[in-house]
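The following paragraphs lead the reader through a protein structure, from its strands to its cores, its surface and its loops. Please keep the sequence and the model in view while reading.

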Amino acid sequence: MQAQALLQSTPLRVTPLDPTHKPTPPATAKPPSLTRRRASITAAAAPKREKDPKKRVVITGMGLVSVFGNDLDVYYEKLLAGESGIGLIDRFDASKFPTRFGGPIRGFKADGYIDGKNDRRLDDCLRYCIVAGKRALEDAALAGDNRSKIDKERAGVLVGTGMGGLTVFSDGVQSLIERGYRKITPFFIPYAITNMASALLAIDLGFMGPNYSISTACATSNYCFHAAANHIRRGEADLMIAGGTEAAIIPIGLGGFVACRALSQRNDDPQTASRPWDQDRDGFVMGEGAGVLVMESLEHAMKRDAPILAEYLGGAINCDAYHMTDPRSDGLGVSSCIQSSLEDAGVSAEEVNYINAHATSTLVGDLAEVNAVKKVFKNTEGIKMNATKSMIGHCLGAAGGLEAIATVKAIQTGWLHPSINQFNPEPAVEFDTVANVKQQHEINVAISNSFGFGGHNSVVAFSAFKP
């Protein structure tokens, strides 16, 4: 009844490859810090959030495939416990690589989600997407016959990937070299291209709405959330499955990032290798998986009595226009992206009190992000900032998806997972990074940052849903 009444009344960054070329459950009483931050908003009129239920975008389901398994609660429980999912790579012989560890998914099973024949053929990048997408629909109360509640012509899929079907691609090249073109599988092109994850999930579900992929390296998932929300806001879709998927921990993937000099080489202690903002960090740790959200207009979600987990307030994307892999020294790209995301969300900087940082554990990228964030948030008091990658590694195109899920779970539970491996913190950070131990925190507005090779910046904002 309340629902009906409402409806009737809404960086992954490394050293430059060519250094010579640089173009110019929460407590009921609000914490004092949160109260002070909210009070400061009254000095000037706060921006107005969207009120139209056709244009308000809510999160009604989440699905993932992670190094901690496919269960949302188990995933977040392990994050809250500060458990590392990083270990030595054992799916291939990595003994000759200078980096021999990562966050590979072990024991993955798609039973009940993908039929046996396709399960054997598909690249893991595609398998992870299909399982995460279907589990997200289950979480959104849209499994099986419940999907009859939605207009499939107004339901879309926008799941991106940074690397695509890398195993299928690598195997195809090897077949060509060793046995000739006749031995290349006919699935080589379809399973390697980046749009196929979204396409196969839509084919399986019968979703005929907007369907494509975005590939912006490690900013991919946030770009997909931003685009999916805009389809809903413009009235082009009622519901979108959006996020990212990645499966790049194979010899060519590992070797490529080694060649970029991007990876940690802490082989003697892999679980402490990903250490964002620590002075002894030496590069990022590869991870993999998929993270997707079911995003709906508030009007559509209310009509079907959907579970509403959180609200997507807004987001922004832009480009540094500076260098292939190096962040801008002045932080302009990231800081302007954050500011634009807040404007799109209709919130002020003073309302934000939680940041899920990109924080990859690279020498240049970690502090570049912090410096850019401080340009927007002049007062860091009361703001908590943590690093999911410290436990699951950097999942590339899927990173933003898995981190958005962590952000929504933090909003739901009132608990922030720790940033582990904080042994020797950088003094310039000046934020509470939730070092090593979880913290209870009532979130007002949260932002999640993702940046990628090419200077791609993306920021999305979430909050608890309030009618």
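Which residue in β6 does M62 stand opposite? The residue in question is L293. The model in which this pairing is found is a predicted one, and the account below begins with the strands.

M62 falls within the numbering of strand β1, which spans residues 57-65. Nine of the nine residues of β1 are buried, so this strand is largely enclosed by the rest of the structure. Two strands pair with β1. Strand β6, residues 289-297, is joined to β1 by eight bridges in the antiparallel sense. Strand β7, residues 310-319, also pairs with β1 in the antiparallel sense, here over three bridges. Within that second pairing, V58 has E311 of β7 as its bridge partner.

Strand β7 in turn leads to a further strand. Eight bridges connect β7 with β13, residues 456-463, and these two strands run antiparallel. E311 takes part here too, for its bridge partner in β13 is S463. E311 is thus a bridge partner both of V58 and of S463. As for burial, β7 is mostly covered, with seven of its ten residues buried. In a regular strand, side chains alternate between the two faces of the sheet.

The strands also bear on the nonpolar interior. The largest nonpolar core has 49 residues, and those that touch the most other members are Y75, L293, M295, Y312, I392 and F462. The greatest contribution to this core comes from helix α15, residues 399-413, which supplies eight residues. A second core, separate from that one, consists of 39 residues, among them Y113, I130, L142 and A290. L293, named above as the residue opposite M62, is therefore to be found in the list of core residues with the most contacts to other members.

Y312 merits a closer look. With its neighbours within four places in sequence left aside, Y312 is in contact with V57, V58 and I59, with F225, H226, A229 and R233, with M295, and with V460, A461 and F462. Two of these partners, M295 and F462, appear beside Y312 among the core residues that touch the most other members.

Strand β5, residues 239-246, holds G243. What is the relative accessibility of G243, and is this residue buried or exposed? Its relative accessibility is 0%, so G243 counts as buried. Not counting residues up to four places away in sequence, G243 touches L158, V159, G160, S221, C224, F225, G291 and V292. D111 is a different matter: 132 residues separate G243 from D111 in sequence, and their C-alpha atoms are 22 Å apart in space.

Among the helices, α13 has the buried residues G365, D366, A368, E369, V370, A372, V373 and V376. These residues pack against α12 (332-345) and against three strands: β8, β9 (384-386) and β12 (445-452). An α-helix has 3.6 residues a turn, so residues three or four places apart point the same way.

On the surface, F169, V173, L176, I177 and Y181 make a nonpolar patch of about 520 Å². F169 belongs to helix α6, residues 166-179. With a relative accessible area of 43%, F169 is partly exposed.

The loops complete the survey. Most residues other than glycine have a negative phi. A141, although it is not a glycine, has a positive phi of about 60°. A141 lies in the loop between α5 (124-139) and β4 (155-160), where this residue is partly exposed at a relative accessible area of 32%. S361 is likewise a residue other than glycine with a positive phi, in this case near 85°. The loop between β8 (352-356) and α13 (363-376) is the place of S361, and S361 is buried, with a relative accessible area of 0%.

A further loop residue is D278, which is located between α10 (251-259) and β6. D278 is buried, its relative accessible area being 0%. Which residues does D278 contact, leaving aside its neighbours within four places in sequence? They are N421, Q422, F423, N424, P425 and E426.

Key. Residues are numbered from 1 along each chain as its sequence is written. This is a predicted model: local features need pLDDT of at least 70, side-chain atom pairs count only at pLDDT 80 or more; totals for chains, interfaces and linings use all residues. Side-chain values use heavy atoms; hydrogens and water are left out. Buried means under 20% relative accessible area, exposed over 50%, partly exposed in between (1.4 Å probe, protein chains only). Helices (H or I, at least four residues) and strands (E, at least two) are DSSP runs, numbered from the N terminus. Two strands pair if DSSP finds at least two bridges between them. Patches are made of residues with over 30% relative accessible area and no salt bridge: like charges are joined within 9 Å, nonpolar side chains (Val, Leu, Ile, Met, Phe, Trp, Tyr) within 5 Å. Accessible areas come from the Shrake-Rupley method with a 1.4 Å probe; for residues, only the protein chains shown count as cover. A salt bridge is a side-chain nitrogen of Lys or Arg within 4 Å of a carboxyl oxygen of Asp or Glu. A nonpolar core is a set of buried Ala, Val, Leu, Ile, Met, Phe, Trp, Tyr and Cys residues joined through side-chain atoms within 4.5 Å. Contact means heavy atoms within 4.5 Å.
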